[in-house]
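This report looks at charged side-chain pairs and at one helix. Please have the sequence and the model to hand while reading.

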Amino acid sequence: MSSQAAAGRVGAIHNRGAMGPFFIGSEIYRGSSYGPGHPLRVPRVSTVMDLCRAMGWFGARYITSPRAKPAALHLWHDPAYITALQAAEARGTATAQDRELYHLGTHANPVYPEVFRRPATGAGGVMLAAEMLRGGGVVHVPGGGTHHGLAGRANGFCYLNDVVLGMKVLQRIGVRRIAYVDIDAHHCDGVEAGFAGDPDARLISVHEERRWPFTGRLLDTGGGNCFNLPVPRGFNDSEMRAVLERLIVPRVVAFAPDAIVLQCGADALEEDPLARLSLSNNAHVAVVRALRGLAPRLLVLGGGGYNPWSVGRCWTRIWAELVGAEVPERLPMAAEAILRGLSWHGPGRAPEQAMFTTLIDAPREGPVRPEVLARLAALEARA
Ligand SMILES: [Zn+2]
């Protein structure tokens, strides 16, 4: 869709009145891979789109993401980097300078066939979502959430930072106070780089301790507006509930935001191969449910998630929650066939049967460990 067509589409949506939840997706994700040895070789957004269609959960709520123009990306990114990223895609390879200056062509950030178009589509979708939220509402962009991207270079599988771009669009259209909540297994270093010290943005991140990028320590306040909670291995649903009740909800409520942006990375789920946390997708749904009524605008993004079954199921279940669709205990055949059709294309644990037959994980409750309680108390003391 051209940006003009997208703008027309947004106008049509506004004219429909109610800003019921909208889903922004794209076919660019289908078949796109960072390469056979990379964690992002697996399908993710296309699975969510296929499952939602199979369940009849889209109706007229699906919108095709526009691709952001290079000039639009200059809202945060360095023009020289954007030019280099486009050139790398056109050339199909990185130069020595690309590797040195922009971290392109590295193991983490390979040059793959859609290396500019795919992140530019994610950014275009999140920026469109921000525009659509002008008058209030809910938008889900599972292709967004690339929270490590830096202004001048790629970082941690993220070439652009659609989160920062979307939040900057919100601010530009007059949505002043933004609460950003990030439940990805990794710390949102790129978003913190974009908004540290901004009194109109409050950043709350829950992430695994002693894991890359090794930022977001408990006592790091990012200039006062950042709340960072590193959590131990095996972090469970009961602990996430405590974090929701004692950190996330009270800090968001106290901030009285005009918009909430939720980065819903699925790599904190038990089955993820890149992290050691143990949440079920019930925890993700609980966070969405708790945040939903706390601001007039809610933007839900994806993020990490490298097990093709758990990430596809999680984000599909989140969409069901947003539209109020009932999730059946047992999926119909058409949806089950989509999950059975996935594969790792490489090493990985064989999935449990439940990964094929239901979207609903078994709860993973457990003790709320003393170190989690102590860290929550330390953050409460900043009130
Ligand atoms: Zn992550």
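Arg369 is partly exposed, with a relative accessible area of 21%, where buried means under 20%, exposed over 50% and partly exposed in between (1.4 Å probe, protein chains only). The model is predicted, so that local features need pLDDT of at least 70 and side-chain atom pairs count only at pLDDT 80 or more, while totals for chains, interfaces and linings use all residues. Residues are numbered from 1 along each chain as its sequence is written, and side-chain values use heavy atoms, with hydrogens and water left out.

Arg369 forms a salt bridge with Glu239, a term that requires a side-chain nitrogen of Lys or Arg within 4 Å of a carboxyl oxygen of Asp or Glu. Because Glu239 lies in helix 9 (residues 237-255) and Arg369 in the loop between helix 13 (354-357) and helix 14 (370-380), the pair ties together parts that are 130 residues apart in sequence; helices here are DSSP runs (H or I, at least four residues), numbered from the N terminus. Glu239 itself is buried, at 0% relative accessible area.

The table lists this pair with two others.

| Salt bridge | Closest N and O atoms |
|---|---|
| Glu239 and Arg369 | 2.8 Å |
| Glu380 and Arg246 | 2.7 Å |
| Glu336 and Arg330 | 2.8 Å |

Glu380 in helix 14 and Arg246 in helix 9 are 134 residues apart; Glu380 is partly exposed at 33%, and Arg246 is partly exposed at 29%. In the remaining pair of the table, Glu336 is buried at 7%, whereas Arg330 is exposed at 54%.

Of the 16 residues of helix 6, 14 are buried, so this helix is largely enclosed by the rest of the structure.

Note on methods: Helices (H or I, at least four residues) and strands (E, at least two) are DSSP runs, numbered from the N terminus.
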